[in-house]
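Here are a few exercises to help you find your way around a new structure. Try each task yourself before reading the solution.

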Amino acid sequence: MKQIIFAVEDDAAIQELYTYSLENDFDCHCFDDGNSFFDALSRGIQEPSVIPDLILLDIMLPGDDGFAILSRLKTNKLTSHIPVIMVSAKGEEISKVRGLDMGADDYMAKPFGIMELVARIKANLRKNNKSNKTAAEVKNIIYKDIVIDFSKHCITANGRQIQTTLKEYNLLCLLCENAEKVQERETIFGAIWGNSFIGETRTLDIHVKELRRKLSEAESNVIIQTVRGVGYMLK
């Protein structure tokens with residue numbers, strides 16, 4: 001059985017492009033706006049055989065925009081696990097940062113190549129399957145006073161729960177899993193943001209700065225050390 005792709009896109013030409021370019025590998029369903037998309041998603045939740053394995057989500061849409069739709073998806077436990085690739089003509093870094101920080105798994109700017117789109121879809125599906133397997137097998141990670149509980153999606157530092165964005169959570173998981181080992185910037189980008197984001201260095205620096213602030217406020221004895229010219233390491 002083919003994996004199911006839901007695409008929220010109001011441009012008929014791009015809908016047709018999705019339908020014909022993805023039909024060999026996937027079962028693709030296109031929707032003009034958030035209302036029709038969520039109607040179909042609700043039916044899919046009731047009938048799991050038609051729930052999407054991945055969502056392609058445009059930003060500029062009639063009614064709710066892509067950010068509003070993404071927020072609804074990622075705050076609902078029934079849909080938060082579904083990988084989302086944001087697709088938009090907006091190529092500015094701020095749009096990428098906002099979407100990825102809200103939980104999007106990848107970001108593509110129009111115009112894009114069909115071969116790249118298919119490759120991105122397959123890569124995110126593989127990554128999602130691996131993440132689900134890991135979450136099911138590992139209950140928590142402990143490093144010094146940091147405890148990451150996968151079953152509750154919760155982080156405590158020095159006994160205090162700290163609130164993080166999804167990307168901050170994943171970043172701290174990566175650093176804790178590889179504590180006291182240098183993680184190169186490219187490795188971090190590939191694991192947390194996807195390879196398309198490599199090179200936009202401010203994004204990683206901003207997230208590290210926020211994690212440092214939150215760990216400091218919790219009076220944690222764990223530090224995120226900068227290894228100049230290489231990456232970061234948890235000590």
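Before we start, one term: a residue is called buried if its relative accessible area is under 20%. Also keep in mind that this is a predicted model.

**Exercise 1. Find the buried residues of helix H7 (residues 185-192), and work out how they are placed around the axis.**

Step 1. Go through H7 with the buried cut-off in hand: you should end up with Arg185, Ile188, Phe189 and Ile192.

Step 2. Now look around the axis. These residues cover an arc of only 95°, so they sit on the same side of H7.

Step 3. Does the spacing fit? An α-helix has 3.6 residues a turn, so residues three or four places apart point the same way.

**Exercise 2. Classify the ring pair Phe6 and Phe31, and say which parts of the chain it ties together.**

Step 1. A pair of aromatic rings is described by the distance of the centres and the angle of the planes. For Phe6 and Phe31 these are 4.9 Å and 65°.

Step 2. Planes over 60 degrees apart count as edge-to-face, and that is what the Phe6 and Phe31 pair is.

Step 3. Phe6 belongs to strand S1 (residues 3-8) and Phe31 to strand S2 (residues 26-31), so the pair links parts 25 residues apart in sequence.

Step 4. Check the burial: Phe6 has 4% relative accessibility, so it counts as buried. Phe31, at 12%, counts as buried too.

Step 5. Go on from Phe31 to Phe37: the ring centres are 6.1 Å apart with the planes at 65°, so this pair is edge-to-face as well. Phe37 is buried, at 0% relative accessibility.

Step 6. Put it together: Phe6, Phe31, Phe37 and Phe38 make up one aromatic cluster. Over the face of Phe38 you'll find Arg72, 3.6 Å from the ring centre.

**Exercise 3. Work out the strand order of the open sheet that three strands form, and which strands stand at its edges.**

Step 1. The order is S10-S12-S11, with antiparallel pairing.

Step 2. S10 (183-184) and S11 (224-227) each have a single partner strand, so they stand at the edges, and one side of each has no neighbour in the sheet.

Step 3. Zoom in on S10 and S12 (residues 231-234): two bridges join them. Gln183 is found opposite Tyr232 in S12.

Step 4. Finally, add helix H6 (residues 166-177), which lies across S10, S11 and S12 and runs at about 70° to S12.

Definitions and conventions
Residues are numbered from 1 along each chain as its sequence is written. This is a predicted model: local features need pLDDT of at least 70, side-chain atom pairs count only at pLDDT 80 or more; totals for chains, interfaces and linings use all residues. Side-chain values use heavy atoms; hydrogens and water are left out. Rings of Phe, Tyr and Trp (its six-membered ring) pair if their centres lie within 6.5 Å; planes under 30 degrees apart count as stacked, over 60 as edge-to-face and the rest as tilted. Helices (H or I, at least four residues) and strands (E, at least two) are DSSP runs, numbered from the N terminus. Buried means under 20% relative accessible area, exposed over 50%, partly exposed in between (1.4 Å probe, protein chains only). A charge sits over a ring if NZ of Lys or CZ of Arg is within 6 Å of the ring centre and within 35 degrees of the ring normal. The arc is that of the directions from the helix axis to the C-beta atoms. Two strands pair if DSSP finds at least two bridges between them. Contact means heavy atoms within 4.5 Å. Axes are lines fitted to C-alpha atoms, for helices over the stretch in contact, and angles run from 0 to 180 degrees between N-to-C directions.
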